[in-house]
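Biologist: Could you take a close look at a single part of this model for me? I'd like one strand and whatever it pairs with, in plain words.

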Amino acid sequence: TRSLQFAGGLTTWGFNVQRRVQRLLETDRWVSPVRDFKITQTYRAGRLTELPPFGLGIGLSVRPSITGASGVPAPSAVRRDQRDLSLDITQTLGASTLAALTINTDFAETEVDTRRTNLTRFPIVFPEKRTFFLQGADIFDFGLSLGDDLRPFFSRRIGLLNGNEVPIRAGVKVTGRGNGANFGGIALRTGDMGGADGTAAGNPLPPTANTLGVLRYKQNLGRESTVGMISSIGDAIGRPNSWMAGVDATYQTSRFRGNKNLLAGVWGLQTDRAGLTREKTAWGAKLDYPNDLWNIAATYKRIGDGFDPSLGFVPRSAVQIITLTTNYLPRPRGRVAGLRVRQMVNEFMPRVVTDLNGTWESYRIFMAPVNWRLESGDRFEINFNPTGERLVSPFTIAPGVTIPAGAYHWHRYRLEGGLAAKRRFSGQATWWFGPFYTGTLDELILTTAWKPSALFNVELNATRNVGRLREGSFTQDLVGTRVRINVSPNLQFNSYAQFDNQSDTFGANTRLRWTFSPLGDLFVVYNHNMRHDIDTETGLPYGAGMQNDPTRRYSRNWGFASNQLLVKLQYAFRY
């Protein structure tokens, strides 16, 4: 019981449990087994009564960790050995409130990011995987379904910068719920990377240590509605006077027209720091009817041309984004076209992006006239997508392939099929095809999983993009494979290997986790990287001065890039 947060002396707990039975494609729930409602709607939970009083202790957990690392960071470099100590302390402050202190934070056991291809001119989001930031992360959610268009607080802005790990020297986090309120706060001190001035161009690193913080508060109104605020301070690369603040309000009911869900939300944000000019605000609204038969939503977002929160993520500023979602999801009885169909998903989702003056920049109309999930769990889908992009400046989509400025319109198509996850061999194959800018593009995506037993499974994901444009041709390949072996509930082995022909590198991340005690873990992590630009004669990467030697011929081959072995031991003392 010392792992849980609850008020002492309670003899009645709210409780619900849900189980997915893949073999039957069935979801079982103890209380409120209604498709329109989610298990996370906690006020619909059941009650466990006449419970005995549980011992809480004082709610203190102290977890020291020691990490040792050894590796070669680059070809021809000398081996580098490191040792680090870290400390994590948590203290229960109430039934649902937890305070955490971290010193010299270590993320050695975190899995590497999955590589992705990007055919847009905007950055893409990679998910947070670090435990310190994942715990209580939902507390910091803001607005009603902002998606990847805008994230006021994006935790990967802390401790990660331009592909480099920035040390976190110390930090405090408090998250909790109580008296109808949800609240969270994070304050962190990052280390000095000795990089260039943070205001310089290129890929700067923080020249000095920085203090960063975020605060979130949300008050419940009635059973389901909320109103809240968010604020942040500090900048990862040391730009001065950086702050952001905003408010949001969401009206929610699950009793619309008797028993349907309805949500309406508004939000607004403002940010500033040295060097920011023009419109430094963002705001939006959403009306949502998310139910099992009809799922309908309308969203508007306006993001100013000067809105760039230091601890947020905004891939595209100076825009207005209008999105409409209309999904009709019937469950037909009997056979359809000779097939036993469990559910049809008929989708119509137009999205238009304009500049702040209303001139269109992008549009996409996603349509799925056929998206059927069969009683077997297998599925297939056919899509039709009118798309447009207006480029105000040339766009380099691949090395040597630059699309000139101008307005472009095209129609793309998708065929997709998938085997049910309940099968020993499952997966999904996707083929996007059709016109693209000044030519054509074929996108082939394959994801598979082989699960011969509950103790062993292998996953494969592969992407190939083949573009044939008037400005040139390109082929992008990306392959990743993951092996999971559950030797026992306390011993797991994971290995994830990836290759892509854009960076022309191969990387493998192999992790062993042994939970030798309910309070202790041992991690062994090995990272190995190879690159495809190693000169066969010197063993050095091309570009190490040899390209200036006209007397010798350069021969490219696979060779060593870097490696690292990490061992981390952690143990928690609970009181």
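Modeller: Sure! Two strands pair if DSSP finds at least two bridges between them, and strands themselves (E, at least two residues) are DSSP runs numbered from the N terminus. This is a predicted model, where local features need pLDDT of at least 70, side-chain atom pairs count only at pLDDT 80 or more, and totals for chains, interfaces and linings use all residues. Residues are numbered from 1 along each chain as its sequence is written, and side-chain values use heavy atoms, with hydrogens and water left out.

Let's zoom in on strand E23, which covers residues 379-391. Most of E23 is tucked away: 10 of its 13 residues are buried (under 20% relative accessible area with a 1.4 Å probe, protein chains only; over 50% is exposed, and in between is partly exposed).

Now for its partners. One is strand E22, residues 360-374, which pairs with E23 in the antiparallel sense over 8 bridges. Here you can find Arg 373 standing opposite Arg 379, a residue of E23. E22 and E23 form a hairpin with 4 residues between the strands. In that hairpin, look for Gly 377, which takes a positive phi near 95°.

E23 also joins strand E26, residues 406-419, through 13 bridges, and this pair runs antiparallel too. For a spot to click on, try Thr 387, which stands opposite Trp 410 in E26. So E23 has antiparallel pairings with both E22 and E26. While you trace the strands, remember that in a regular strand the side chains alternate between the two faces of the sheet.
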